[in-house]
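Reader: I'm new to this one, and I'd like to know what stands behind the labels. Could you show it to me first?

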Amino acid sequence: FFISIMLSVALVGSSGGGAATLGHTDSAELIRLICQEVSKVKGDPHPPRLTKALFTSLKNGKGFDYAKFDTDLATLHSIQSDEQSDQYNVQAIKSGILQDVNSFCANLDTKLAESIRKGDIHGLICISCDIDVHAATLQAAADMKIPVTGSGGTSLSAASSRFGLRLVGNAGGSVATTSYTRAVSYTHALATSWNRDYKPYSYNQTQAPQWKSVLDSCLPAFWAVALACRGIELVCANLSDANWLQEDVLVLLRAQALPMTCCVVMATSFAPQHDSIILMTASIASVVCKGSILGGLLAGWMVASAMDRVLHRCIIWNIPATMINLILGGGVGAVVGITVSPFISYMQILTESVRSGIHFVMNGAYPGLGFIVGVVFCWGSKVGYYHSVGLPLILIEMELGFPSLLGAIDEATLVLVSAGICSANLLVPLLEDGADAAMESKELCSRGVRINILFGDFIEVAYPFMERSKLVNLSGYLASGLATELLTGNSRSVLSSAYLPCFVSIMLANDWCKIFWSYMTAFSVSFLGTTINNVIAKMKILKKKET
């Protein structure tokens with residue numbers, strides 16, 4: 001019987017009495033997740049579908065335990081499904097005073113009960129439902145003996161006692177549950193009752209982000225921590241009463257902020273479906289990753305890898321939804337943290353070795369080596385190695401809340417070289433074909449100068465000009481090499497960062513004079529080279545016109 005037809009599921013309920021779930025304010029998202037999970041159940045020839053829904057929620061996420069039927073505003077959501085395209089459209093079909101919404105819902109509930117009695121519905125999900133409003137549906141489900149699952153301990157107990165429902169799965173309370181864990185729990189219960197296979201997750205390595213991509217996405221946190229730490233250092237150096245900042249805030253920022261950020265971002269990147277619960281898990285796991293961003297990334301990956309597996313196993317063992325989330329949100333994080341903790345010191349040694357290697361190359365013992373580093377850094381950015389190699393190394397340098405030597409090189413060889421080339425193009429513009437092309441080039445260069453100087457970004461604006469002219473290209477590489485060579489020797493005094501206004505990038509370093517002359521060299525050499533190139537090009541064009 002079940003193999004020859006498509007199984008249909010109905011959903012009735014509300015956002016809950018005490019509103020103690022996570023994500024209870026987004027009714028449409030909950031219904032969408034249930035649709036998504038139900039469709040993962042194996043079907044022959046078609047997978048099951050959520051075809052009917054009557055779901056009520058109160059305005060501003062208020063719980064029904066405190067609802068006033070004659071004053072509180074509510075919204076009734078339903079669903080329309082397109083069998084041809086497998087699309088689901090969650091709609092708000094009634095809004096108003098709760099009493100009116102309930103009356104409207106009761107009328108629709110009667111029609112849903114008729115569908116159940118006709119055999120069109122093969123499973124029912126009840127989420128904190130009002131057993132009086134949904135009495136017709138609950139009675140029909142009991143009479144037809146279709147499997148019923150759901151959450152909301154009070155309503156399920158009352159409904160089971162009054163109607164004699166056929167409860168399946170781990171139907172029970174909903175405190176601290178999330179929309180995703182509930183959707184998986186409901187679907188597994190129904191799939192088991194139908195003897196159908198259901199796999200809530202499938203790990204696809206090709207769709208997973210690369211670790212270095214996750215690390216790059218944490219740049220805002222590294223940027224903020226470096227600025228905050230430098231600001232605290234300057235304040236403490238000038239105010240004797242601010243030592244508590246250095247002893248408490250500075251220590252915490254450098255030890256915990258960045259590992260925690262990496263752990264949370266890694267976990268949410270690999271398992272975004274777990275939403276808020278994975279934030280708790282990753283935060284707990286990251287506590288042991290003191291001073292190690294690699295430890296944070298590893299812990300985040302382990303958290304993401306464990307969440308779906310633990311969730312599925314808990315559901316198979318019929319563990320109640322609330323306990324599942326306690327295990328996921330607390331237990332998984334603690335276990336991962338304990339597992340990772342013995343490896344943290346080794347990962348700290350690894351990243352410290354990287355930092356030491358960078359400073360060894362730039363210690364000034366080998367004249368000309370800094371020049372080569374600058375040229376390679378500029379070339380690497382042009383051919384696509386910046387985000388895959390350069391930026392991850394910069395962030396590893398910034399692991400402990402300090403600015404980066406490669407960050408200073410980034411600002412000099414990319415940002416200020418680009419600004420110099422664009423500035424020269426504004427001063428001595430090339431003769432473009434057509435007034436529109438000339439105006440576009442002027443606007444592009446103007447934008448390049450402004451963004452590079454004030455925000456430390458948009459380095460790519462100079463690349464087309466470098467590719468067009470060998471002289472401009474040569475001046476860009478020469479500027480990069482000379483500016484980087486000036487940063488060698490006592491390299492720890494010129495730690496800085498791009499993605500900042502130029503003057504802030506200078507202030508971030510300890511040796512303002514040294515880094516200022518490096519930046520000035522990068523700007524001036526590229527500016528001069530581009531100016532000479534443009535003057536020569538103009539002279540050639542004018543000479544051709546004369547002849």
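Reader: How do you know that strand 1 and strand 5 pair, and in which sense?

Author: Two strands pair if DSSP finds at least two bridges between them. Strand 1 (residues 8-14) and strand 5 have five bridges, in the parallel sense, so they meet that definition. One of the partners in strand 5 is leucine 124, which bridges to alanine 10. Before we go on: this is a predicted model, where local features need pLDDT of at least 70 and side-chain atom pairs count only at pLDDT 80 or more, while totals for chains, interfaces and linings use all residues. Residues are numbered from 1 along each chain as its sequence is written, and side-chain values use heavy atoms, with hydrogens and water left out.

Reader: What makes something a "strand 5" or a "helix 3" here?

Author: Both are DSSP runs numbered from the N terminus: helices are H or I with at least four residues, strands are E with at least two. Strand 5 covers residues 123-127, and helix 3 covers residues 135-144.

Reader: Why is strand 5 called mostly covered?

Author: Five of its five residues are buried, meaning under 20% relative accessible area (exposed is over 50%, partly exposed in between; 1.4 Å probe, protein chains only). Gly123, Ile125 and Ile127 point one way, Leu124 and Cys126 the other.

Reader: What unit do strand 5, helix 3 and strand 6 make?

Author: A right-handed β-α-β unit. Right-handed means that, with the strands pointing away from the viewer, the path from the first strand over the helix to the second runs clockwise. Strand 5 also pairs with strand 6 (residues 147-151), in the parallel sense over four bridges; there, isoleucine 125 has threonine 149 as its bridge partner.

Reader: How many disulfides does a search of the whole structure find?

Author: Zero. A disulfide is a pair of cysteine sulfur atoms within 2.5 Å. For cysteine 129, the nearest cysteine sulfur, in cysteine 126, is 4.3 Å away, so no disulfide there.

Reader: And why is cysteine 502 not bonded to cysteine 513?

Author: Because their sulfurs are 14 Å apart, too far for a bond, and 513 holds the closest cysteine sulfur to that of cysteine 502.

Reader: Are cysteine 129 and cysteine 502 buried or exposed?

Author: Cysteine 129 has 5% relative accessibility, so it counts as buried. Cysteine 502 is at 15%, so it counts as buried too.

Reader: What does tyrosine 385 count as, and where does it lie?

Author: At 44% relative accessibility, tyrosine 385 counts as partly exposed. Tyrosine 385 lies in the loop between helix 13 and helix 14 (386-397).
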